[in-house]
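Here is a chain to pick over. Let's ask how each label is earned.

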Amino acid sequence: MHNPAEIADFKAKAAYLQGTIKSVPDFPKPGILFRDVTSLCEDRKAFRLTIDLFDEIYRDCKIDKIVCAEARGFVFGAPLADRLNCGLVMVRKPGKLPRRTLSEHYDLEYGTNELQINEDAITAHERVLVLDDLLATGGTVEAMVKLVRRLQGEVIGAAFVLELFDLGGADKLKHGCNVDVMSLLKFPGH
């Protein structure tokens, strides 16, 4: 993995991306300031730049598969998998994958949820990058990491467009799951 700080003009590129993120107060409930990644996707320069940066950071990592969760993870995972010439594994909510699956439950602020992966999507020792649009508390990504490891894949890192650093997801993944975390952008979150 290339250190983002070593990428030419990384700070300027990240500042451009950060300027495309819209903040929506009181969504999905009062008191939440929602960081909307869809506004970055609507800006063609920002979207391409995001994929370019991920490609530059991970191109020498010999990744076999990118694992991403529905739905916004797919948006970034698919073009990056094409660039890195690797497979794309879609992790979904229950009942969405037609083949035999493995499931992993995880905690949310207001309850629990479940993710599933095709049980033949990853083979032993494949090098896997877990990718999502946003890192908050880390529950979704922790579940994805557990699924990959249950299939005996090697998680080489977790990558995000945006991290809400106040919510502790990066620490949870680094210390609880022993996974390197890389986020292109960092915002305070609540």
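Q: How many disulfides does the structure hold?
A: The count is 0, where a disulfide needs a pair of cysteine sulfur atoms within 2.5 Å. Take Cys 68: the nearest cysteine sulfur belongs to Cys 86 and is 9.8 Å away, so Cys 68 is in no disulfide. Cys 177 is in no disulfide either, with the nearest cysteine sulfur, that of Cys 68, 18 Å away. Bear in mind that this is a predicted model, where local features need pLDDT of at least 70, side-chain atom pairs count only at pLDDT 80 or more, and totals for chains, interfaces and linings use all residues. Residues are numbered from 1 along each chain as its sequence is written, and side-chain values use heavy atoms, with hydrogens and water left out.

Q: What makes Cys 68 count as buried?
A: Its relative accessible area is 0%, and buried means under 20% (exposed is over 50%, partly exposed in between, with a 1.4 Å probe and protein chains only). Cys 177 has 7%, so Cys 177 is buried too.

Q: Why can the buried residues of α6 be said to line one face of the helix?
A: In α6 (residues 169-176; a helix is a DSSP run of H or I, at least four residues, and a strand a run of E, at least two, numbered from the N terminus), Gly 169, Ala 170 and Leu 173 are buried. Seen down the axis, they fall within an arc of 105°, so they line one face; the arc is that of the directions from the helix axis to the C-beta atoms. The face turned away from that buried side carries the exposed His 175 and Gly 176.

Q: What covers the buried residues of α6?
A: The cover includes β7, α5, β8 (154-164) and β9 (181-187).

Q: Is Leu 53 buried or exposed?
A: Leu 53, in helix α3 (residues 44-58), has a relative accessible area of 2%, so Leu 53 is buried. Not counting residues up to four places away in sequence, Leu 53 touches Ile 7, Phe 10, Lys 13, Leu 17 and Leu 184, contact meaning heavy atoms within 4.5 Å.

Q: How far apart are Leu 53 and Lys 13 in sequence and in space?
A: They are 40 residues apart in sequence and 8.7 Å apart in space, C-alpha to C-alpha.
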